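Visitor: Please take me through this model and explain the words you use for it. I would like a reason for each label.

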Amino acid sequence: MTKAPGDEPNEALTVTPPKKWAAGVPAVVHAMEYSLRETSPRNAGHTLLTMNQVGGVDCPGCAWADPTPGHRHRNEYCENGAKHINDEATTRRVTADFFRTHSVAELGRRSDAWLNQQGRLTEPMVKRPGSDHYQPISWNDALDLLASELTSLDSPDEAVFYTSGRASNEAAFVLQLFARALGTNNLPDCSNLCHESSGYALHETLGTGKGTVSLDDLHHADLIFVVGQNPGSNHPRQLSALEQAKLNGARVIAVNPLPEAGLLRFKNPQKFRGVIGQGVQIADRFLHIRNGGDLALFQGINRLLLEAEDARPGEVLARDFIESDTQGFEEFAEHARTIAWKDILAATGLTREEIEQVRDEVLRSDRVIVCWAMGITQHKHAVPTVREIVNFLLLRGNVGRAGTGACPVRGHSNVQGDRTMGIWEQMPDDFLDALQQEFGFDPPRAHGLDSVNSIKAMREGRVTFFLGLAGNFVRAAPDSEVTEEAMRSCRTTVHISTKLNRSHTVCGETALILPTLGRTERDIQADGEQFVTVENSMSEVHTSRGRLQPASPLLLSEVAILCRLARRTLGEGTADIPWKRFEEDYGAIRESISRVVPGLHDFNRRVTRPGGIQLPNPVNEGVYHNDVGKAVFTRNAWEMLHAPEGHLLLQTLRSHDQWNTVPYTSNDRYRGIHGSRRVVLVNPQDISGLGLAEGQCVDLVSVWEDDAERRAEGFRVVPYPTTRGCAAAYYPETNVLVPLGSVADKSNQPTSKGIVVRLEPAAPPPEAGQGQD
């Protein structure tokens, strides 16, 4: 894949030593500078002072839980949250004149940052067959066009309906209802790309696809593992929870191939010690593990715990809990003892002494929590890895008790809520039965397409209609060239969006952009001003209400767009679905949700209480909704990622100044990268061993079993203290290297953290100038 002309020139790159702490006064300064550059002081004040407050707007930046009402700071947000919400509240506008000036082909050559910086979309646009420009279209004509396209399909399964976590519960519920009333379960979502492995493993072992931990549990744990996760950039408010845990006496073990500033030390800018003091050390122990070595690490810890029990019978393992609440322990224990230490050490890159020190930490701790994110889930053996983490927790009874549990940390603010609302291609029959009872139609039962299989189906011509509700599917998906080819092969593509992104430039024969209200904006419908709801990583459902005037009088809400499209496509009286009523009053949607989704009874009344609704967590009540009704120990085969001689294991990651697929700048100040994103972070010994030099220009070439060459051109080699044999580079620029067929077993999630690459010396890119932004 060639370097996009709109990307920043590599010649601008400067490198400084990585930071050894996160946040502090610089975070406040950067947040305010960006916010005031994007919007007015008045708007910035409205967004920041109401963000994550009771009755205010939920931060779209991440899914971290809020403190209980009465314990929230007046400024209950982080640097990245402030940037993201004011990026949405920007005063810049994209109008019809913009699209007359810029062709689709030209926009396709622009960078992700440039596209985002153009501002808010203001009116519906259409690209007709054979045209290279978007043109204005009325809402009625746009929705009629889409309804005509949908009703002309030979089968409903020729359509897919993608959702990102930016969507509200109400919009997500309406979307899945529309898709199923149409006759398909093709409901791919961003969770397929980021978190699916956690859901599969937790369903198998604990009978739930969600975590079992509350914010209060984190505050009162004795020992917290943070594995495959960088909270300093991706979930900064988690650092406040870790800070509180540390002040309460907890110890933290960080497991990551790269040293991350937020896991070293946190200077909380909301506290005196974070402004002028040294802040709080977060990680008491930092394991610089080899990419994909987490499965072997927990297998090693579990073996050591079993051996400790052998030496001190009845003193190490939670024998009563294992006997009463679990199944499969003996088979697991027999298997765990067979995994050779040479294999464990080879896969982790750690020493046995380091792993034994972790065992000692565990033995000193009564209450243990394991947090993880995409550094765990985006590997071929991700599902076994999460299952092995559950084995670890079960051994000492670290589930179902205060201060213990599994904590998969989601990214988007409502990615977990989307799943609760039915955005899944494999929803169980009890959910579909409830839909049938509520709305009087029989939903399709055959499983639909997830994100990876949707791309394959588009490429093969089996899917011709793509609708994206929020998000930036083209840039979030793997195998960029294949994904773009698949999207361009569609007859119709439509994106419901707030801002311009790369997906709008990769079009079907007919393409529509439908601009929608942002979360920061007032949503007024026929029955008055509306609010929406979201669910965070800890299964808390609460309201979100915007305060700003809409960016354009032509904007419609996500709910209104979907309800109007459903009415035109399916007719006014589709079964017993009151589409018009749903659009007029979101409370009517929540009334239906209350009868379909367990735990959300009396939804409208309960969700408006301060703090909202805590969804039930059966595991914490000793209930396991799986086939055996107990927590399940599993036997997981040892696996190790291998890189041939002269190759490295590459992981994709975000910079600090980035939200999801959108970089705000080309800087990553915590890692010391300034002026360019086309860098590859490599251990200095590997640079020497590969015959490369600091600052050298290379192409990244991924190696996979299909023998197809996937190439990302023009990256600078940057020495970095990552684990030997491992490297890192930013996405979405390196998504081109992730093969569509390289997925996690069972979950079908792309393996973006375990890519085998070689670094080929390349000529430096041309001087900045022609084609640059």
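Guide: Helices are DSSP runs of H or I with at least four residues, strands are DSSP runs of E with at least two, and both are numbered from the N terminus. V29 is found in one of these helices, α1, which covers residues 25–38. The model is predicted, so local features need pLDDT (the predictor's confidence in each residue, from 0 to 100) of at least 70 and side-chain atom pairs count only at pLDDT 80 or more, while totals for chains, interfaces and linings use all residues. Residues are numbered from 1 along each chain as its sequence is written, and side-chain values use heavy atoms, with hydrogens and water left out.

Visitor: Why is V29 called partly exposed?

Guide: Buried means under 20% relative accessible area, exposed means over 50%, and partly exposed lies in between, using a 1.4 Å probe and protein chains only. V29 has a relative accessible area of 37%, so V29 is partly exposed. Between the C-alpha atoms of V29 and E79 there are 8.8 Å in space, although the two are 50 residues apart in sequence.

Visitor: What makes V25, V29, V275 and I276 a patch?

Guide: Patch residues have over 30% relative accessible area and no salt bridge; like charges are joined within 9 Å, and nonpolar side chains (Val, Leu, Ile, Met, Phe, Trp, Tyr) within 5 Å. V25, V29, V275 and I276 form a nonpolar patch on the surface. Together they have about 320 Å² of accessible area, by the Shrake-Rupley method with a 1.4 Å probe, where only the protein chains shown count as cover for residues.

Visitor: How do you know that E558 and R166 meet in a salt bridge?

Guide: A salt bridge is a side-chain nitrogen of Lys or Arg within 4 Å of a carboxyl oxygen of Asp or Glu. For E558 and R166 the N to O distance is 2.5 Å, so the pair meets the rule. E558 is in helix α28 (residues 558–570) and R166 in the loop between β7 (159–163) and α8 (169–182), and the pair links parts of the chain 392 residues apart. Both residues are buried. By this rule the count comes to 66 salt bridges.

Visitor: What makes D366 and R401 a salt bridge?

Guide: Their closest N and O atoms are 3.5 Å apart, so this pair also falls within 4 Å. D366 lies in the loop between α20 (352–363) and β14 (368–372) and R401 in the loop between α22 (382–395) and β15 (405–408), so the bridge ties together parts that are 35 residues apart in sequence. D366, at 44% relative accessibility, counts as partly exposed. R401 is partly exposed too, with a relative accessible area of 31%. Elsewhere, K246, R251, D284, R285, E361 and R364 are joined into one network by salt bridges that share partners.

Visitor: How do you know that D325 has no salt bridge?

Guide: Lys and Arg count as positive and Asp and Glu as negative, while His and the chain ends are not counted. The nearest side chain of opposite charge to D325 is K630, 7.2 Å away, so the 4 Å cut-off is not met. D325 is nevertheless buried. D325 lies in helix α17 (residues 319–325). Contact means heavy atoms within 4.5 Å, and D325 is in contact with G622, Y624, K630 and A631, leaving aside neighbours within four places in sequence.

Visitor: Why does D112 count as buried?

Guide: D112 has 10% relative accessibility, so it falls under the 20% limit and counts as buried. It is found in helix α6 (residues 112–117). Beyond its neighbours within four places in sequence, D112 is in contact with R475, R502, T661, P663 and P732.

Visitor: Why does Q696 count as partly exposed?

Guide: Q696 has 22% relative accessibility, so it lies in the range between buried and exposed. Q696 sits in the loop between α32 (684–689) and β30 (697–702). Not counting residues up to four places away in sequence, Q696 touches G691, F715, R716, V717 and P761.

Visitor: Where does the pLDDT stay under 50?

Guide: It stays under 50 over residues 1–10, for which the model has 42 contacts beyond four places in sequence. The pLDDT is also below 50 over residues 767–773. Where pLDDT is low, the predicted coordinates should not be read in detail. The protein as a whole has a mean pLDDT of 94, and 97% of its residues reach 70 or more.
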